[in-house]
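Please follow the contacts that one chain makes with its neighbours, taking each interface in turn.

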There are 4 protein chains.
Amino acid sequence: MIIVVSPEATPDDLDHIVARVEQTGRQAHLSVGTERSIIGVIGPDDPSLQDAFEALPHVESVHRVTKPYKLVSRDFHPANTIVDVGHGVLVGDRELVVMAGPCSIETEEHIFDAARGVKAEGANVLRGGAFKPRSSPYAFRGIGVDGLRHLAAAGAETGMPVITELMSVRDIDAVCRYADIIQIGARNMQNFILLDEVGKMKKPVMLKRALSGQIEEWLLAAEYIMAQGNPHVILCERGIRTFETAYRNTFDVNAIPLVKELSHLPVIGDPSHGTGKAGLVTPVAMAAVAAGADGLMIEVHNDPEHALSDGAQSLTYERFGGMMRSVAAVAAAVERTLTGVRTPVAAR
Amino acid sequence: MIIVVSPEATPDDLDHIVARVEQTGRQAHLSVGTERSIIGVIGPDDPSLQDAFEALPHVESVHRVTKPYKLVSRDFHPANTIVDVGHGVLVGDRELVVMAGPCSIETEEHIFDAARGVKAEGANVLRGGAFKPRSSPYAFRGIGVDGLRHLAAAGAETGMPVITELMSVRDIDAVCRYADIIQIGARNMQNFILLDEVGKMKKPVMLKRALSGQIEEWLLAAEYIMAQGNPHVILCERGIRTFETAYRNTFDVNAIPLVKELSHLPVIGDPSHGTGKAGLVTPVAMAAVAAGADGLMIEVHNDPEHALSDGAQSLTYERFGGMMRSVAAVAAAVERTLTGVRTPVAAR
Amino acid sequence: MIIVVSPEATPDDLDHIVARVEQTGRQAHLSVGTERSIIGVIGPDDPSLQDAFEALPHVESVHRVTKPYKLVSRDFHPANTIVDVGHGVLVGDRELVVMAGPCSIETEEHIFDAARGVKAEGANVLRGGAFKPRSSPYAFRGIGVDGLRHLAAAGAETGMPVITELMSVRDIDAVCRYADIIQIGARNMQNFILLDEVGKMKKPVMLKRALSGQIEEWLLAAEYIMAQGNPHVILCERGIRTFETAYRNTFDVNAIPLVKELSHLPVIGDPSHGTGKAGLVTPVAMAAVAAGADGLMIEVHNDPEHALSDGAQSLTYERFGGMMRSVAAVAAAVERTLTGVRTPVAAR
Amino acid sequence: MIIVVSPEATPDDLDHIVARVEQTGRQAHLSVGTERSIIGVIGPDDPSLQDAFEALPHVESVHRVTKPYKLVSRDFHPANTIVDVGHGVLVGDRELVVMAGPCSIETEEHIFDAARGVKAEGANVLRGGAFKPRSSPYAFRGIGVDGLRHLAAAGAETGMPVITELMSVRDIDAVCRYADIIQIGARNMQNFILLDEVGKMKKPVMLKRALSGQIEEWLLAAEYIMAQGNPHVILCERGIRTFETAYRNTFDVNAIPLVKELSHLPVIGDPSHGTGKAGLVTPVAMAAVAAGADGLMIEVHNDPEHALSDGAQSLTYERFGGMMRSVAAVAAAVERTLTGVRTPVAAR
């Protein structure tokens, strides 16, 4: 950490700051400048100290020079992490992972139909929500444990691992019983108790970035999970909240290469939430893969205009198939593969 | 709801949209325009339908014309709600409420000292964190149930109700046992399970706005609590996340009069988090009261440079006393009172 | 400036960085750490160098430790600047300045009526737009030089200095001829050629903050004006663009005390643009004054529903009078004055 | 336009609103609802009226249902516009356009070297700044007309059209004399006088999106240019300002497909400004092309660590060559071409 001291500080003020640093068991390295003096803090970094040092008289600013996360950092673990999510699917490997399915599991029949529909177009993980976070208490909130059961059965039938959102510690046993990947939603990115608890599990966890989550906060949230002993963490960029109102969220494509530079964890792109508009999903999916994403999460529904949630951003099976063909072409350009994509009838 | 249809829709397309509306049990009122046709949806509002209608072919946009919340709305309950938080303190009444104390409860002695310190300057509610949400898993996370016990004892000794944050359903019994007001923090504003659960309690709940929480989402989060039967809800504006990096958060003063116009619930301003800088707390506290806030939440610490968290934004007792005198002057200008503020020695 | 070097830098890499620093005529002070090495740059600050140093191999980050502006800084000029805008009005003094009038000057009669209307309620500067920046090329763009002439005449008749927006170097002579204060609008905050040109004038300039202008950029824009020799600069906070859609802009009340701490220049609050809703103007005006603003800019129109622009945020004369009485009460609480405010009939 | 009226409006209030609508020469179509009444406004759209209608008593909200721009709209001109920028380069055609060169033109030799360097790697337009917008008045601001002359000569020698920024009406003749494409920078997106003036020229104009420019505002700014008679408009997405501090700007990849859906104008991606970090330029360039961009604008410098501006985001020639090969692979996947890209020695 570097402490910048304002020009009016007296030698006594500087001594006081140095003493406070030394009190924390660290060394202080003082450079007195003509305008500002600078104190380098040497010793283990502790983000809590930034605030304490900023509270010292005459301190203008405190700059951290080390990253506050360790386990998720590429410095600590240079090779890419590959997360085995079951049924032979590896997240972070050369083959792209495509998690597809409906926003909400509506009925048993509905999720079986969706599983077959997305599998036929080349998806390799089945998604579906049983517990739904909804802005309004009066909106449909999912069918709960029944949904989990149907999801697991549909995944088993089609040979795909399944992913579903865990909203609360309350449901952790049920979700772990049925899901292959636990999803932590954007609104829970900093639900620290929930992060601790999934950190104690052995299951893969996919952590979505919060609507206003900074990259550093997102990586620290992943650090919470890893610090409890669970190394199977997948990150998911799903759009951030900005001033733009033309789309529900702004997909932050910069985040993909930056996170892959800072961390060894795999990163998935979610253009369905990242745009909120079905018409933008395909080009943004292609962009995510071009930028280095290890896979995609896509909302697909057999009948979007009757979907109980997120209809406006859901693709039909046919449109999803078109997207897969476009993504496969980009995948090849970036030396990734996407097998199992169906060639359209006309092209056979 | 109003559905705007694009110019290229055929009469059949319009029929299809009308049929979909009627299928939901609502009436459709079609106005065919030269450029765009417009379909008014008549019947009970359901926010989930917006998405389903947006998924219909040729629909350009869907506008909601009613507010999605009911119980929190001033239309529904025109008079101001006054929340009795115990020890004779009423939130939303003519007398301003000032919740003050340390970010974290550090030791028993520390919170007793703080309670006496803030009480002497005119605070009427004691705040202190026992469970702390921290960005880093390696930061100090509070002393837990011991802290709750010390907080309650310090409140009892000084005759003040106490407020503390509940981070998880896991701790609800402990927090309800010791706290007079349950605080839901900004990061949990959309932790819907937690909102449901505090909605089942009888205790007053103070709901902080999320870092990127829109006014409508914030009021819907309050609706979650009221929909479960708990009417004792207090809102707290604590700053939003913007592009500006000169302060930790941007205190959104517009929110105060707007929320008081839309809702009957009392609103507290938190300039400590709303600025993140001790030097800005007093003027922003004054602004909040001038704009109509029903009270303030302020971080106060006997020794900010040794605080275990949030030192940079904490006031000393003396500085807090100065703030209280400044706020009392503004309170008088807006026909509110702030009794118990100590006249400085020089002025006696 | 402080250069933080990543752990993998070799001694040769460090030498290369030190040599680059020395090449700029500055001294480099190297502290080799166990994790990261740090190079302090000693010598005159030049913001352009930050970018050049960031381009050096193995440089992780470059931190500036001095402020990039000088003339606008309170370090450089500790006393408050008071700007004399004519007709005895001083901006930045104990008496608050209230600039009021219509968004656009519509006709000669209209601006004379407005001048008398706002003067009667206690305004001391007349505002009115002759050249209007409008998002759409098809919207009303002002009546130009005729408007300037009417504005000046209305100011002369009522004994008030007048302020109007200058949009382009093209109109500088006309605006300088008629206006007492030149307004630089939010969209031109970083129109650097325009800033240079008004810097060469002797007239007071009011510089509005851009929709996404950071405090530092805003102060640097003021520095442009002062660097050309014009010290008569007034700043105006008019709301920033955020994710919130419930109001047109978010009035950034934090900016007022921070700018007054960093700079000696006076600061005006504009709650009309800062909210975009007539119903929020009064409470936000009160908040601005409570936070330390030196005055207000308010849109007032005799008939808002027929205004050619900004009707939704304009106050009628009567409503403006009510606002003035509320603001006067807050002014007294912060030891400012607002003379000339009319007591309502009922209260006489 | 649709006017939503609040429940407390009386029949007289409704009549008043209807009368005000009719006064504007439009028809009002009233639907009285149980909760809210709705008035459809039938007749030509005028964005200025939204504000006037919002000022009417009891009006809750006014929704526009038509787009405020015409000439730039795909409804008006369904086929893609292709802009001929000279030397056989067409922007918006199947062949991607890559505009590359230094941020600032430093010397004659420097821009000639850059022109040859980027041409060798496959660039087809030469960029270089002669007039530089800089946040600080003390930063290097370009070498002016000399720079324009060197730029034009370098373009002529290498057979490439040249693009440079026009900052002010003052320099319009000089810039038009030497440049093939006039660039309007992000800070001038809403410099409406400048837009009018370039609209009177015959030269192609590239309009960058403002830091906080909404899509609709950006298209309206393009409408300003087209409304004056200049149809040769190219749009450029260069990153927006968000809460994220890990990069200078957030490249908004969603904007590319959305703008291409709404408008017939070509769209260029600028990942240099869109990220601010050389290490992110290549993946974000690839993403832009995958999402449908018609080309790229890239900052390239022979020696970034000595660049007079934007060193941190500039690529060396070699790194630019690598980017071009990666982009060419993506281009092929989206059925675009990028000819002239050099195969690396090793691969020959």
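In this predicted model, chain D and chain C are joined by 31 residue pairs in polar contact, counted where both residues have a pLDDT of 80 or more. On the side of chain D that touches chain C, the helices α1 (11-23), α2 (47-54), α6 (192-199) and α7 (215-227) of chain D each supply at least two residues. Sorted by class, the residues of that side are 23 nonpolar, 15 polar and 16 charged. Charged partners also meet across this boundary, for there are 6 salt bridges between chain D and chain C. One of the salt bridges pairs D:Glu217 with C:Arg241, and the closest N and O atoms of the two lie 2.8 Å apart.

The extent of the interface can be described both by residues and by area. In residues, 54 from chain D are in contact with 54 from chain C. In area, chain D and chain C bury about 4,500 Å² between them, with carbon and sulfur atoms accounting for 48% of it.

How many degrees of turn lay chain D on chain C? A turn of 180°, with a shift of 0.0 Å along the axis, superposes chain D on chain C with an RMSD of 0.0 Å, which means that the two are related by a two-fold axis. Within chain D, the C-alpha nearest this axis belongs to D:Ser212, at 3.0 Å from it. The copies meet through the same surface, because 100% of the interface residues of chain D are also interface residues in chain C.

The second interface to consider is the one with chain A. Here 37 residues of chain D and 37 residues of chain A take part in the contact. The area buried between chain D and chain A is about 2,700 Å², and 69% of it comes from carbon and sulfur atoms. Of the area that chain D buries against chain A, 23% is supplied by D:Phe243, D:Tyr247 and D:Asn254, more than by any other three residues.

Polar and charged pairs occur at this boundary as well: chain D and chain A share 14 residue pairs in polar contact, again with both residues at pLDDT 80 or more, and 2 salt bridges are counted between them. A salt bridge links A:Arg209 to D:Glu244, where the closest N and O atoms are 2.9 Å apart. The elements giving two or more residues to the side of chain D that touches chain A are α8 (255-262), α9 (271-275), α10 (278-290) and α11 (317-333) of chain D, and α10(D) gives the most, with 6 residues. By class, this side of chain D holds 22 nonpolar, 10 polar and 5 charged residues.

The relation between chain D and chain A can be put in terms of a rotation too. Chain D is laid on chain A by a turn of 180° and a shift of 0.0 Å along the axis, and the RMSD is 0.0 Å. In chain D the C-alpha nearest that axis is the one of D:Ala287, which lies 2.0 Å from it. The same surface serves both copies, since 100% of the contact residues of chain D recur in chain A.

It remains to ask what confidence the predictor attaches to the model. For the complex, the predictor gives an ipTM of 0.95 and a pTM of 0.96. In chain A the mean pLDDT is 94, and 99% of the residues of chain A reach 70 or more. Where pLDDT is low, predicted coordinates should not be read in detail.

How values were computed:
Residues are numbered from 1 along each chain as its sequence is written. Chains are lettered from A and ligands numbered from 1 in the order in which they are written. This is a predicted model: local features need pLDDT of at least 70, side-chain atom pairs count only at pLDDT 80 or more; totals for chains, interfaces and linings use all residues. Side-chain values use heavy atoms; hydrogens and water are left out. Contact means heavy atoms within 4.5 Å. Buried area is the accessible area (1.4 Å probe) that two parts lose on being put together, summed over both. A salt bridge is a side-chain nitrogen of Lys or Arg within 4 Å of a carboxyl oxygen of Asp or Glu. A polar contact is a pair of N or O atoms within 3.5 Å; within protein, one must be able to donate a hydrogen and the other to accept it, and residues adjacent in sequence count only if both atoms are side-chain atoms. Helices (H or I, at least four residues) and strands (E, at least two) are DSSP runs, numbered from the N terminus. Ala, Val, Leu, Ile, Met, Phe, Trp, Tyr, Cys and Pro count as nonpolar, Asp, Glu, Lys and Arg as charged, and the others, Gly among them, as polar. Copies are superposed by least squares on the C-alpha atoms of residues with pLDDT of at least 70 in both. pLDDT is the predictor's confidence in each residue, from 0 to 100.
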